[in-house]
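Work through the exercises below with the sequence and the model at hand. Try each task before reading its solution.

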Amino acid sequence: MQILLLNGPNLNLLGRREPGIYGTRSFDDYLPELREAFPQFELAYFQSNHEGELIDKLHEVGFTYHGIVLNAGGYTHTSVALADAIAAISSPVVEVHLSNLHAREEFRQKSLIGRNCVGSISGFKLDSYKLALHYFDGLRPRRVGFKV
C-alpha cells in the first residue's frame with residue numbers, strides 16, 4: 001500500500017521550532033522510525049511551505065495512493081483551496097497535528113480541511129502520524145480462512 005505523508009508550512013522546522021509545543025525531533029529523524037514500524041507500507045514523504053505545491057501533490061497522488069496523512073500546519077485554519085483539493089480526490093486523507101488544537105488559540109480550534117478528511121488526530125506530537133498509519137493498516141486486505 002502506498003501512503004503519502006504530506007507536511008505543510010513550518011514543519012520543516014520541527015525539532016527547532018517551539019520545542020515545548022512541537023517537540024525536539026525533526027521529521028527527517030522520525031521518518032526512518034515510521035518506515036521501520038510500518039514495513040507493510042510504501043511511505044512517501046513531501047513537505048512544502050507553499051499552498052499550491054501541497055495542492056499539486058494531492059492532485060498528483062490523490063487518485064492512485066491508498067491513503068494520505070496530512071499535517072497542513074497553519075493552512076488547516078485558512079485554506080479553502082486545500083479543503084477543496086482534499087474533497088476532489090479519491091484517496092482517503094487523515095488530518096494530523098502534533099499539538100492538541102483544542103487546547104490552543106481559538107483560531108486554531110477550527111479546521112477548514114477536517115470535514116473532507118476521514119478523521120483527525122491531534123495532540124500526540126509525532127506519534128500522531130503513527131496513529132494515522134494504524135488507521136490505514138486496518139484497511140489493508142487480510143487473508144481470510146484457516147492456515148494450512
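The exercises follow one helix, its surroundings and its charged side chains.

The model is predicted: local features need pLDDT of at least 70, side-chain atom pairs count only at pLDDT 80 or more, and totals for chains, interfaces and linings use all residues. Residues are numbered from 1 along each chain as its sequence is written, and side-chain values use heavy atoms, with hydrogens and water left out.

**Exercise 1. Helix 5 and its length**

Compare the reach of helix 5 with the span expected at 1.5 Å a residue.

Solution.
Step 1. Helices (H or I, at least four residues) and strands (E, at least two) are DSSP runs, numbered from the N terminus. Helix 5 covers residues 127–139 and has 13 residues.
Step 2. The expected span is 1.5 Å times one less than the number of residues, given here as 18 Å.
Step 3. From its first C-alpha to its last, helix 5 reaches 19 Å, close to that value.

**Exercise 2. The buried residues of helix 5**

Which residues of helix 5 are buried, and what covers them?

Solution.
Step 1. Buried means under 20% relative accessible area, exposed over 50%, and partly exposed in between (1.4 Å probe, protein chains only).
Step 2. Ser128, Tyr129, Ala132, Leu133, Phe136 and Asp137 are the buried residues of helix 5.
Step 3. Their cover includes strand 1, helix 2, strand 2 (42–47), strand 3 (67–71), strand 4 and strand 5 (119–122).
Step 4. Take serine 128 as a case: it counts as buried because its relative accessibility is 0%. Contact means heavy atoms within 4.5 Å; not counting residues up to four places away in sequence, serine 128 touches Val96, His97, Leu98, Ile121, Ser122 and Gly123.

**Exercise 3. The nonpolar cores**

Find the largest nonpolar core and the elements that give two or more residues to it.

Solution.
Step 1. A nonpolar core is a set of buried Ala, Val, Leu, Ile, Met, Phe, Trp, Tyr and Cys residues joined through side-chain atoms within 4.5 Å.
Step 2. The largest has 22 residues, and Leu5, Phe27, Leu34, Val69, Tyr129 and Leu133 have the most contacts inside it.
Step 3. Two or more residues come from each of strand 1 (2–7), helix 2 (27–37), strand 4 (93–97) and helix 5.
Step 4. Leaving out residues up to four places away in sequence, leucine 34 touches Leu5, Phe27, Leu43, Tyr129, Lys130 and Leu133.
Step 5. A second, separate core has 19 residues, including Leu54, Tyr65, Tyr75 and Ala85.

**Exercise 4. Nonpolar side chains at the surface**

Is leucine 131 of helix 5 buried or partly exposed, and which residues form a nonpolar patch with Tyr135?

Solution.
Step 1. Leucine 131 counts as partly exposed because its relative accessibility is 37%. Apart from residues up to four places away in sequence, leucine 131 touches Ile121 and Phe124.
Step 2. Tyrosine 135 has 36% relative accessibility, so it also counts as partly exposed.
Step 3. Patches are made of residues with over 30% relative accessible area and no salt bridge: like charges are joined within 9 Å, nonpolar side chains (Val, Leu, Ile, Met, Phe, Trp, Tyr) within 5 Å. Accessible areas come from the Shrake-Rupley method with a 1.4 Å probe, and for residues only the protein chains shown count as cover.
Step 4. Val118 and Leu139 form the surface patch with Tyr135, and together the three have about 260 Å² of accessible area.

**Exercise 5. A network of salt bridges**

Trace the network of salt bridges that contains Lys130.

Solution.
Step 1. A salt bridge is a side-chain nitrogen of Lys or Arg within 4 Å of a carboxyl oxygen of Asp or Glu. The structure holds 5 of them.
Step 2. Arginine 25 pairs with glutamate 33, the closest N and O atoms being 3.0 Å apart.
Step 3. Glutamate 33 also pairs with lysine 130, at 2.9 Å between the closest N and O atoms. Glutamate 33 lies in helix 2 and lysine 130 in helix 5, so this pair ties together parts that are 97 residues apart in sequence.
Step 4. Lysine 130 forms a further salt bridge with aspartate 127 (4.0 Å, N to O). Both lie in helix 5, 3 residues apart, about one turn of the helix.
Step 5. The network therefore links Arg25, Glu33, Asp127 and Lys130.
Step 6. Check accessibility: arginine 25 is partly exposed at 33%, glutamate 33 at 28%, lysine 130 at 22% and aspartate 127 at 39%.
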